[in-house]
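Student: I am new to this structure and would like a close look at one part of it, the enclosed spaces inside. Could you take me through what surrounds them, and then through the features that can be described elsewhere in the chain?

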Amino acid sequence: MSSENLPQSPASTAGGPKPRVAVVFGGRSSEHGVSVVTAGAVLRAIDRSKYDVLPVGITREGRWALTADDPERMAITDRQVPDVADLAESAEGGVVLPVDPSSREVVYNEPGSVPKALGEVDVVFPVLHGPYGEDGTIQGLLDLSGTPYVGCGVLSSAVGQDKEYMKRIFTSFGLKVGPYLVVRPREWEQDQEGARRRVAHFVGDHGWPLFIKPARAGSSIGITKVDSFDGLDEAIETAREHDPKVIIEAGIVGREIECGVLEFEDGPRASVPAEIPPADSHAFYDFEAKYIDSAAGIVPAPLSEEQTAEVRRLAVDAFEAMSCEGLVRADFFLDEDGEFVINEINTLPGFTPISMYPRMWEETGVGYPELVDRLIQAALRRSTGLR
């Protein structure tokens, strides 16, 4: 890529230069393609009269690549998710973010060429799902560099990525969680019989089905529903392809209810809730249902006024318990006793216009472009580091 075609620093206007937003997407996790789809939606929605935009994709191998600002190439096509490698302007060039808090100058390096300054970045909008992005890693890097960013900080991102410790925090704050069991890497590698005995005891207490999940993954990737011991080992190995730590959750009879939380100037507020009805063609609300077949949720959820108020309150409580910032989607079950059981929160939920989080806010009165703008403005208001 020739230097004359590289993005330049934003030009000053009568009111000064526009804030520059680096949209960072892709990444090394199994949710790489979903992240690219999300980035396309965000790039399409950002108000270019208000912000200058720098798209930066992270390849599956971890190279930070300068990519085309072309949302149309970031969509799911023929049931296939896109890839940063297909969007990169160069097969070898890399974008380098500063780690010096005194400078926000971004540099583009390409073998055999003089490094090219791309100008300063005022805020990063990370749309990275899963490990190496949603789990506190990039948040720590940006805190070190002194660069504001959209979304949760290091602690809430890290804990929000780990379903075990998330549930432990919820319990400590008095939020009701469902029964679960954790199979740690060393246990499965050294004492599989002992792990199976623990699962058998768990089934004796809570019955079938079980949901076997990677403890630190999202987008319903690597999850298996099992109804007997026959499929247990295979389900654990499937989860371990994405994370050596596995969480096993008891099935809860009830309705799946989701609620979005968004940071406003005066604090977090909850959206109207949504309901995820059982998908006829899927055993549960899995990756295919969410992103390929677009299984639709019901917005707003058909709940009573009291139930709606309660789940909105609990969603904000979960946001505060985890010290979250920016945005969160809180996922609940409304069980047979009429109680809300929190399953998990997502610190970077699905964020395409048809995803549940934006749809809930659309119904609440905040459209997708305004949602993107509010998140950027909230990030620009915050400091980095301890806060």
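**The largest cavity and its surroundings**

Tutor: The lining of the largest cavity is made up of six nonpolar, five polar and one charged residues, and, as with everything that follows, this description is read from a predicted model. The space enclosed there comes to about 100 Å³, and the residues around it are P126, L128, G133, E134, Q139, V150, G151, C152, S157, L327, T347 and L348. If you mark these residues on the structure, you will see which parts of the chain come together around the cavity.

The count of cavities of 30 Å³ or more comes to two, so to speak of the enclosed spaces is to speak of a pair. The second largest cavity holds about 40 Å³ of space, and L97, P98, R104, V106, V121, V124, L142, S145 and T147 form its lining. By class, this lining has six nonpolar, two polar and one charged residues.

An open space can be set beside these enclosed ones. The second largest pocket has a volume of about 210 Å³, and among the residues that line this pocket are D143, Y149, G153, V154, L155 and S156, together with M322, S323, E325, G385, L386 and R387. Helix α3, which covers residues 154-161, makes the greatest contribution to the pocket lining, with three residues. Sorted by class, the lining of the second largest pocket has five nonpolar, four polar and three charged residues.

Turning to the strands, β4, β5 and β6 form an open sheet in that order, with antiparallel pairing. Because β4 (94-96) and β6 (116-120) stand at the edges with a single partner strand each, one side of each is left without a neighbour in the sheet. From one strand to the next, the twist averages 25°. Strand β5 (residues 105-109) is joined to β4 by three bridges, and within this antiparallel pair N109 of β5 is the bridge partner of G94. As general background, the strands of a sheet pair through backbone hydrogen bonds, and they do so either parallel or antiparallel.

A contact between two helices shows another kind of packing. Helix α1 (residues 32-45) and helix α11 (residues 368-381) have axes 9 Å apart and pack at an angle of about 95°, and these two helices are therefore roughly perpendicular to each other. On the α1 side the contact is made by T38, A41, V42 and A45, while α11 brings Y368, P369 and V372. By class, this contact of α1 with α11 has six nonpolar residues, one polar residue and no charged residues.

Finally, the backbone deserves attention in a few loops. In general, most residues other than glycine have a negative phi, and most peptide bonds are trans. Y132, in the loop between β7 (123-126) and α2 (137-145), has a positive phi, near 70°, although this residue is not a glycine. The peptide bond from W208 to P209 is cis, with omega near 0°, and P209 is found in the loop between α6 (192-206) and β9 (210-214). Another cis peptide bond, with omega about -5°, joins V299 and P300, and P300 lies in the loop between α8 (287-292) and α9 (305-321).

Terms used
Residues numbered from 1 in each chain as written. Predicted model: local features only at pLDDT ≥ 70, side-chain atom pairs only at ≥ 80, totals over all residues. Heavy atoms only, no water. Axes fitted to C-alpha atoms, helices over the stretch in contact; angles between N-to-C directions. Helix = DSSP H or I, 4+ residues; strand = E, 2+ residues; numbered from the N terminus. Parallel < 35°, antiparallel > 145°, perpendicular 65-115°, else oblique. Contact = heavy atoms within 4.5 Å. Nonpolar A, V, L, I, M, F, W, Y, C, P; charged D, E, K, R; others polar. 1 Å grid on protein atoms, 1.4 Å probe; cavity = no way out; pocket = protein on both sides within 12 Å on 5 of 7 lines; lining within 4 Å. Points joined across faces, edges and corners; volume = space filled by probe spheres on them. Pairing = 2+ DSSP bridges.
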